[in-house]
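Welcome, and thanks for taking a look at this one with me. Have the viewer open as you read, and pick out each residue as it comes up.

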Amino acid sequence: MPPTHCPSCGKEFRDHTSVARHMSQPRSGCNMWLQDLIQLHSTLPPSEDSADDPMAAGDIGEPHESYCEQVEGEYFDGGGNWSKDCEAEVTDYFPEPPLAFEEGYTFLSLFDANENSIHRKTNLYYPFSSWKEWEVAAWLLHSGLSMGKIDSFLSLEMIKDLRLSFRSAKELRGQAEMLPGGPCWKSQVIRTSHSTKTPVILYWRDPLECITSIFNHPLFHNHLDLTPRKVYSTLQKLSRVYTEWMTGQHAWDMQLVLPHGATLLGVILSSDKTCITALTGDRVAHLLLISLANIHMNT
């Protein structure tokens, strides 16, 4: 059986039953075609060419080149092939993408500009002597052990046989501080209207430095969205698909009011109450965490 065309949009289908199913779908845009044709016919004067059948496939024209329509789980593309796995999502990107005005610095460039970078030409793990020593130091620094327990661990005869370059927790901390770090911590005493047993101290980092550190960190390479976009489920663009933050309408609207070439960064702030029990006398801290909405959700 030769293929049949939709009388409304001209798309090609396998048979007339598939055309009927296509026209009955609300998302196809062709379900109101018959009503529109009747209304148009009632407003036009009679014509001598009324013998021409508007349902004829020859009057429809060529089908669209890129199209994917679902008919009971089956898909048909404009190339004449039926497929089960045809993707119909369409993406419209913001017409003016962000511009790179100059080359900025990255985490690795800061690492190479460190005062100790000359030593890393011969020893990649400086200030530690080797990869094995760095592995021990990294485990101790991330173990959550107190400085006293770290001293006890390093005083073991088996550990002394390793000939580590640090012999105490204080020396270990000193060597770790020689590594390039992120934004520096700052402190400020907050004055209160009433007296307190201990001063209220605010420990903070510069938010712009934190955002810069996240933005140029190598772990987020190719995991950042920098251009707003609109994702549609079909070629007709009748239904939006919202996944990442940059697919939302709010990000698109904010990009519209920014200067030409500007990059939109969404800042996420979250706060939580945390009890600090180690060496603080069971004090309470209210942490304010910062992140970027541009980071992919599956990162």
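## Salt bridges

A salt bridge here is a side-chain nitrogen of Lys or Arg within 4 Å of a carboxyl oxygen of Asp or Glu. Keep in mind that this is a predicted model. By that rule the count comes to 4 salt bridges. As general background, side chains of opposite charge can pair when their charged atoms come close. Glu171 and Arg167 form one such salt bridge, with their closest N and O atoms 3.7 Å apart; that separation falls within the 4 Å cut-off. Arg167 is exposed, at a relative accessible area of 66%, while Glu171 counts as partly exposed at 30%.

Which residue does Lys237 meet in a salt bridge? The partner is Asp92, and the N to O distance is 2.8 Å. This pair links distant parts of the chain, the two residues being 145 residues apart: Lys237 sits in the loop between β9 (229-232) and β10 (240-241), and Asp92 belongs to strand β6 (residues 90-93). Lys237 is partly exposed, with a relative accessible area of 37%, and Asp92 is partly exposed too, at 25%. Another salt bridge joins Arg229 to Asp225, where the closest N and O atoms are 3.4 Å apart. Are these two side chains buried or exposed? Arg229 has 14% relative accessibility, so Arg229 counts as buried; Asp225, at 12%, is buried as well.

## The overall picture

Stepping back, the protein contains 9 helices and 12 strands. Of its 299 residues, 25% are buried. Among contacts with a separation of 6 or more, 49% are between residues 24 or more positions apart.

## A sheet with a helix on it

Strands β6, β9 and β10 form an open sheet of 3 strands, in the order β6-β9-β10 and with antiparallel pairing. The edge strands are β6 and β10, each of which pairs on one side only. Helix α9 (residues 249-257) packs on this sheet and touches β6, β9 and β10. The direction of α9 makes about 150 degrees with that of β9, and an angle over 145 counts as roughly antiparallel.

Between β6 and β9 there are 4 bridges, and the two strands run antiparallel. To find one of the pairings in your viewer, start at Val90: its bridge partner in β9 is Tyr232.

## A strand pair in the open

Strand β11 (residues 267-276) pairs with strand β12 (residues 283-292) in the antiparallel sense, over 10 bridges. Within this pairing, Leu269 stands opposite Ile290 of β12. In a regular strand the side chains alternate between the two faces of the sheet.

How many of the 10 residues of β11 are buried? The number is 0, so β11 lies largely in the open.

## Two crossing helices

Helix α4 (residues 131-142) and helix α7 (residues 169-176) have axes that come within 11 Å and cross at roughly 105 degrees. Because an angle of 65 to 115 degrees counts as roughly perpendicular, α4 is described as roughly perpendicular to α7. On the α4 side the contact is made by Glu133, Ala137, Leu140 and Leu141; α7 contributes Leu172, Arg173, Gln175 and Ala176.

## Cysteines

A disulfide is a covalent bond between the sulfur atoms of two cysteines. How many disulfides does a search of the whole structure find? The search finds 0. Two cysteines can still be placed by their accessibility: Cys184 is exposed, with a relative accessible area of 55%, whereas Cys210 counts as buried at 14%.

## Backbone details to check

If you like checking torsions, begin with the cis peptide bond that joins Tyr126 and Pro127, where omega is about 15 degrees. Pro127 is located in the loop between α3 (107-112) and α4.

Two residues other than glycine are also worth a look for their positive phi. Arg163 has phi near 55 degrees and lies in the loop between α6 (157-160) and α7; at 74% relative accessibility, Arg163 counts as exposed. Asn222 has phi of about 65 degrees and is found in the loop between α8 (207-215) and β9. Asn222 also counts as exposed, at 60% relative accessibility.

Terms used: Residues are numbered from 1 along each chain as its sequence is written. This is a predicted model: local features need pLDDT of at least 70, side-chain atom pairs count only at pLDDT 80 or more; totals for chains, interfaces and linings use all residues. Side-chain values use heavy atoms; hydrogens and water are left out. Buried means under 20% relative accessible area, exposed over 50%, partly exposed in between (1.4 Å probe, protein chains only). Two strands pair if DSSP finds at least two bridges between them. A disulfide is a pair of cysteine sulfur atoms within 2.5 Å. Axes are lines fitted to C-alpha atoms, for helices over the stretch in contact, and angles run from 0 to 180 degrees between N-to-C directions. Angles under 35 degrees count as roughly parallel, over 145 as roughly antiparallel, 65 to 115 as roughly perpendicular and the rest as oblique. Contact means heavy atoms within 4.5 Å.
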